Amino acid sequence: MKFEIKRERLVEGLNDVMKAVSSKTTIPILTGIKMDVSTEGMRLTGSDSDITIQTFIPAEEDGKQLIDVTEGGSIVLQAKVFGEIVRKLPTNEVEIEINGNFQTHIRSGKSEFHLIGLDAMDYPQLPDIQDDRIFTIPADLLKTINRETVFAVSSSETRPVLTGVHWEVKDGELVCVATDSHRLARRKTKLETLPEGEYSVVIPGKSLNELNKILDDTSDPVEIVMTNQQVLFKSKHILFFSRLLEGNYPDTSRLIPSEYKTTVTVNGRSLLQAIDRASLLAREERNNVVRFSTNDGSEVEVSSNSPEVGKVEEQLQAQSVEGEELKISFSAKFMMDALKAIDGQDVVIQFTGAMRPFILKSALDDSILQLILPVRTY
């Protein structure tokens, strides 16, 4: 096996697949990256058995030669070492040659490295995915959906299914829900390309975070293929596989209240900044709790009190306050996460009482919904 490749493209490809490689894996060969080279180009694969990322570098792109293949083949090289070497090579021209016993020679300029590779036959095969349940989403929309939901997944492994986001397809709509049982984030998206039928999967939050790092902020379509055990995201030259979480996701629709006693409409950015300031004095051991109260005017008060540190109170002008007067306490972090997901638009907050979950949504549309459980302090 022998070929030459442009260093910058190899670095780009390695950066993508390295996101799937973990040093903690129980399968030693998965600490490596698999390289398959043919006259068409090079495929790089990285995996930790939960997530697998494969990227393709074509031999020629836009009339420019990226890879010159003398002899094709496959090899697995230690991901960390190989990645570091390629990043630090002196020139943009890299020659890689593999002899018997997987001895790998990497040359660039006056520098030459010798690495010991592994047999690519021992590397796990990619899952075989049938394209029966397939639809497309623009990459930037997919990133937005992930950003608006993933933060609410549970970080505790006691209920593994809650560490993922529940994706449900029905009636021409994709509904994504994440909850850690103290808060919930839901995003609905109308899609034209949805296949027939209803189905749902639970995708690990970690996988969706890694996917967001790889996708470009463009409207290029991303194909999504769902099976019973795996989900596959295909974009230009990248395949991103993730295993799915097993178990039944709880029915969260019951958690969302249907009637409200107090409704506040307020500018999301101003409220976010006020809560951020109030949380500076919020007591650490009390999970950084901030109080929120309405009076009979159109102002709301955000406050926090810490006996050892001091207290803060801030009046905030709301667009409207309707219904009963209310005093409620909640986690500043949860509220700030929810407001960031709605992203600076005017926010409608609907309360059912001081100890009942309350919801936030954008005043412009109801595609995003955030639900938070209050904290008992009053």
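Over how many bridges do strand β1 and strand β9 pair, and in which sense? The legends below, written for a predicted model, begin with the sheet that holds this pair.

**Figure 1. Strands β1 and β9 within a five-stranded open sheet.** Strand β1, residues 2–6, is joined to strand β9, residues 93–98, by five bridges, and the pairing is antiparallel. Within this pair, F3 stands opposite I96 of β9. The sheet as a whole follows the order β7-β1-β9-β10-β11, with antiparallel pairing. Because β7 (67–71) and β11 (111–116) stand at the edges and each has a single partner strand, one side of each lacks a neighbour in the sheet. From one strand to the next, the twist averages 15°.

**Figure 2. Helices α1 and α2 packed on the five-stranded sheet.** Helix α1, residues 7–18, touches β1 and β9, and its direction makes about 90° with that of β1. Helix α2, residues 79–88, touches β9, β10 (103–108) and β11. The direction of α2 makes about 170° with that of β11.

**Figure 3. An open sheet of eight strands.** The order is β8-β2-β3-β4-β19-β18-β17-β12, and the strands pair in the antiparallel sense. β8 (73–78) and β12 (134–138) are the edge strands, each pairing on one side only. The twist from one strand to the next averages 20°. At the β12 edge, five bridges connect β12 to strand β17, residues 221–226, in an antiparallel pairing. One residue pair here is F135 with its bridge partner I224 in β17.

**Figure 4. Helices α1 and α3 on the eight-stranded sheet.** Helix α1 lies across β2 (32–38), β3 (41–47), β4 (51–58) and β19. Relative to β4, helix α1 runs at about 165°. Helix α3, residues 139–149, packs on the sheet in contact with β12, β17 and β18. The directions of α3 and β12 make an angle of about 90°.

**Figure 5. The second largest cavity and its lining.** The structure holds two cavities of 30 Å³ or more, and the second largest contains about 30 Å³ of space. Its lining consists of L211, I214, L215, V222, F233, K234, S235, I238 and F240. The elements contributing two or more residues are α4 (205–214), β18 (230–235) and β19 (238–243). Of the contributing elements, β18 gives the most, with three residues. By residue class, the lining divides into seven nonpolar, one polar and one charged.

**Figure 6. Successive hairpins formed by β21, β22 and β23.** Strand β21, residues 289–294, and strand β22, residues 299–306, run antiparallel and are joined by four bridges. Four residues lie between β21 and β22 in their hairpin, and S293 stands opposite E301 in β22. Strand β22 also pairs with strand β23, residues 310–317, in the antiparallel sense over eight bridges. In that pairing, the bridge partner of S303 is E313 in β23. The hairpin from β22 to β23 passes through three residues.

**Figure 7. Two spans annotated in UniProt.** An unreviewed UniProt entry annotates residues 1–127 as "domain: DNA polymerase III beta sliding clamp N-terminal". In the model, this span is 17% helix and 47% strand, and its end C-alpha atoms are 26 Å apart. The unreviewed UniProt annotation "domain: DNA polymerase III beta sliding clamp central" covers residues 137–251. Residues 137–251 are 18% helix and 42% strand, with end C-alpha atoms 25 Å apart.

Technical notes:
Residues are numbered from 1 along each chain as its sequence is written. This is a predicted model: local features need pLDDT of at least 70, side-chain atom pairs count only at pLDDT 80 or more; totals for chains, interfaces and linings use all residues. Side-chain values use heavy atoms; hydrogens and water are left out. Two strands pair if DSSP finds at least two bridges between them. Axes are lines fitted to C-alpha atoms, for helices over the stretch in contact, and angles run from 0 to 180 degrees between N-to-C directions. Contact means heavy atoms within 4.5 Å. UniProt positions are given in the numbering used here, feature names are shortened, and annotations may be inferred rather than shown by experiment. On a 1 Å grid over the protein atoms alone, a cavity is a set of points where a 1.4 Å probe fits but cannot get out, and a pocket is an open set with protein on both sides within 12 Å along at least five of seven lines; lining residues have an atom within 4 Å of a point. Grid points are joined across faces, edges and corners, and a volume is the space filled by probe spheres set on the points. Ala, Val, Leu, Ile, Met, Phe, Trp, Tyr, Cys and Pro count as nonpolar, Asp, Glu, Lys and Arg as charged, and the others, Gly among them, as polar.
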